[in-house]
Amino acid sequence: MEKKGVLYFGIIILIILIGGILWLNNDVSQKQQEGLGGIASKQIVELSDDNPTFDEWGKNFPDYLDMYLTVETEQPIPTEFGGNLSYSKLIRYPQLTLLWAGYPFSLDANEERGHFWVQVDQMDTARNNKDFLNAHGFAAFGGQPTACMNCHSGWTPWLLKNVAKNDWVAFNSTKYWTMIKNIPAMNGMKEGSPEHSGPHGGKRMGVTCADCHAPNTMELRLTRPALINALVKFRGYEPDPVQGVKASREEMRTLVCSQCHVEYYFRPTGQKVKVIGESIASDSSKKWWNGTQKTYDEIDSWRDGNKPTEIEVDGIELVFPWGEWKKGQPFRIEMFDDYYEKARAVFDKDWVHKITGAPMIKIQHPESELFSGGVHAANGVSCADCHMPYIRKGSKKMTQHNVTSPLQNINAACKTCHTQSEEYLKSQIKDIQNSVAYDLRSAEYSIVSLINDTKNLREALGGLEQYQSDGKPDAAKISAELKDVLELHRKSQMRADFVGAENSTGFHNPREASRMLLQAVDMARQGQAKLVEIAAANGIKDFKTSTLGFEDMQKLNPGEIRYKVDMNGHKAGDRYYEHENINGNPPAKLLEDDKNLNPYNYTYVDKK
């Protein structure tokens with residue numbers, strides 16, 4: 001009996017050991033899979049560009065999806081110069097209404113909310129509402145083109161391939177609201193359902209996994225033709241069928257961001273192109289608010305018998321103005337001067353300034369350009385190193401996919417390289433941004449002063465016979481007299497707009513940011529000096545220049561956007577945005593900071 005008991009005991013111990021080994025092996029295998037992004041075998045799906053939705057790709061990478069979707073439900077966090085609380089930038093910086101006079105940004109510009117929201121916000125903005133803009137003094141606005149979707153929608157590559165049939169110019173030239181109607185219903189959605197119009201794989205889906213990752217290997221890749229074209233044509237890269245261009249993985253960790261975080265413009269091709277139109281253009285019962293014939297329906301779905309048609313329009317192409325910026329070079333603002341000057345015969349301006357008459361260039365989010373010449377880029381740091389740092393989740397080492405400011409996790413984003421305390425690093429960043437923000441406000445106030453003075457001299461010149469036609473002021477004659485001043489306005493504002501549109505408040509390259517802002521101030525003051533000379537040469541006495549500041553800017557505060565006329569079910573005076581957290585007032589603390597930043601009240605600015 002004793003022998004049998006020992007045998008049974010040994011068998012039990014052996015079973016326990018085998019079970020333990022099997023458990024340990026399974027645990028190790030699971031942790032290895034988790035290290036790849038939390039893949040669970042029962043959730044594995046075959047990924048494809050035919051379904052680029054992050055809900056689908058997230059089945060294989062649930063932890064990354066959870067990180068990405070954090071911004072959807074988290075409380076918005078404002079920071080001194082950014083954050084994801086979508087307050088009105090025009091209320092915080094009223095000078096922008098004057099700087100952008102005559103351009104839709106002067107009506108609607110809010111703080112950005114992050115990659116998840118980019119398509120939602122693009123569809124909601126007043127800048128994408130033809131009826132609203134036309135009723136607010138932008139009578140020439142014909143509607144945004146699909147070119148605007150390149151950075152806002154993860155459906156862009158699918159639409160380019162399946163709807164535009166890989167015709168790059170036709171894709172860009174189609175009306176925005178026409179193209180978006182063609183996004184398919186995926187993941188069990190029903191065509192035309194609320195989910196189909198939503199942000200989770202529907203028409204309001206923003207940036208997605210497929211924008212930066214290949215479905216079969218998950219290696220980094222470029223999916224946006226505008227960047228690939230610019231890198232190959234202007235910057236000396238070779239094309240690659242998988243990655244887009246031949247580049248190292250470390251380069252790709254910046255280049256995938258450069259698909260959107262850049263300056264761009266819509267270059268007219270000079271040729272007609274056939275694109276999708278809408279049958280509503282032939283329905284005489286459908287009118288815009290002012291009684292003119294509708295040419296498309298400002299909604300994301302086909303409805304009321306409206307169907308796709310084929311029309312012919314002027315072709316445009318999304319282009320990055322990098323012709324003077326060569327591979328291996330840091331970016332300089334003069335490269336844009338040179339590029340846009342050479343392109344003037346084809347593209348001479350984004351808009352004519354409503355007050356000065358200057359042909360203006362509107363700069364968009366040029367993070368890639370500014371970063372290229374900074375100390376971090378010089379030391380081989382990529383965008384992802386700081387904005388998508390490695391973090392630990394249990395046993396997993398993962399890249400942070402809630403792409404946000406490094407200030408939200410200094411320990412992960414900065415202390416991999418920097419040994420100083422978090423508090424020290426945060427104070428250094430804030431000091432740099434305060435300094436650049438002071439320079440930026442100085443530039444903006446100088447340019448607004450130039451605009452104000454140009455307006456006064458235009459009125460004075462309009463009273464002189466030599467600047468009149470048929471007894472009325474001739475704008476063309478006056479602009480010819482002010483040509484040098486208008487060029488200074490164009491170039492000075494390009495520089496201020498560059499730093500204002502760039503999302504780091506100069507931190508990506510504070511030296512270059514401050515250099516171009518010093519140029520902006522100098523050009524604006526040169527413009528004022530030339531106005532005095534022109535006034536004197538034309539016998540206009542007592543012409544004086546202005547020096548406007550913070551309190552003068554506050555008088556330009558437009559308040560929240562509201563309807564001016566009864567329109568589309570809304571009454572005059574109704575708030576444009578339905579959600580109160582969009583286009584509202586910035587936190588009072590930020591306005592107090594701005595008040596003390598220029599002039600530089602160091603006792604306030606430098607306090608902890």
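Which residues make a nonpolar surface patch of about 360 Å²?

**View 1. A nonpolar patch on the surface.** Meet Ile12, Ile13, Ile16 and Leu17: together they make a nonpolar surface patch of about 360 Å² in this predicted model. Take Ile13 as a way in. Ile13 sits in helix H1, which covers residues 2–35. With a relative accessible area of 33%, Ile13 counts as partly exposed, because that label goes to residues between the buried limit of 20% and the exposed limit of 50%.

**View 2. A stretch with low pLDDT.** Over residues 29–38, pLDDT stays under 50. The model has 18 contacts for this stretch beyond four places in sequence. Where pLDDT is low, the predicted coordinates should not be read in detail, so go easy on the fine points here. For the protein chain, the mean pLDDT is 93, and 94% of the residues reach 70 or more.

**View 3. Asn129, a buried loop residue.** Look for Asn129 in the loop that runs between helix H7 (118–124) and helix H8 (130–135). Its relative accessibility is 14%, so Asn129 counts as buried. Leaving aside residues up to four places away in sequence, Asn129 touches Phe141, Glu298 and Tyr576. With Tyr576 there is also a side-chain link: a polar contact of 3.4 Å.

**View 4. What covers helix H24.** Helix H24 spans residues 588–597, and its buried residues are Leu590, Asp593, Asp594, Asn596 and Leu597. Their cover includes strand E1 (78–79) along with helices H5 (89–92), H19 (422–462), H23 (550–554) and H25 (602–605).

Technical notes
Residues are numbered from 1 along each chain as its sequence is written. This is a predicted model: local features need pLDDT of at least 70, side-chain atom pairs count only at pLDDT 80 or more; totals for chains, interfaces and linings use all residues. Side-chain values use heavy atoms; hydrogens and water are left out. Patches are made of residues with over 30% relative accessible area and no salt bridge: like charges are joined within 9 Å, nonpolar side chains (Val, Leu, Ile, Met, Phe, Trp, Tyr) within 5 Å. Accessible areas come from the Shrake-Rupley method with a 1.4 Å probe; for residues, only the protein chains shown count as cover. A salt bridge is a side-chain nitrogen of Lys or Arg within 4 Å of a carboxyl oxygen of Asp or Glu. Helices (H or I, at least four residues) and strands (E, at least two) are DSSP runs, numbered from the N terminus. Buried means under 20% relative accessible area, exposed over 50%, partly exposed in between (1.4 Å probe, protein chains only). Contact means heavy atoms within 4.5 Å. pLDDT is the predictor's confidence in each residue, from 0 to 100. A polar contact is a pair of N or O atoms within 3.5 Å; within protein, one must be able to donate a hydrogen and the other to accept it, and residues adjacent in sequence count only if both atoms are side-chain atoms.
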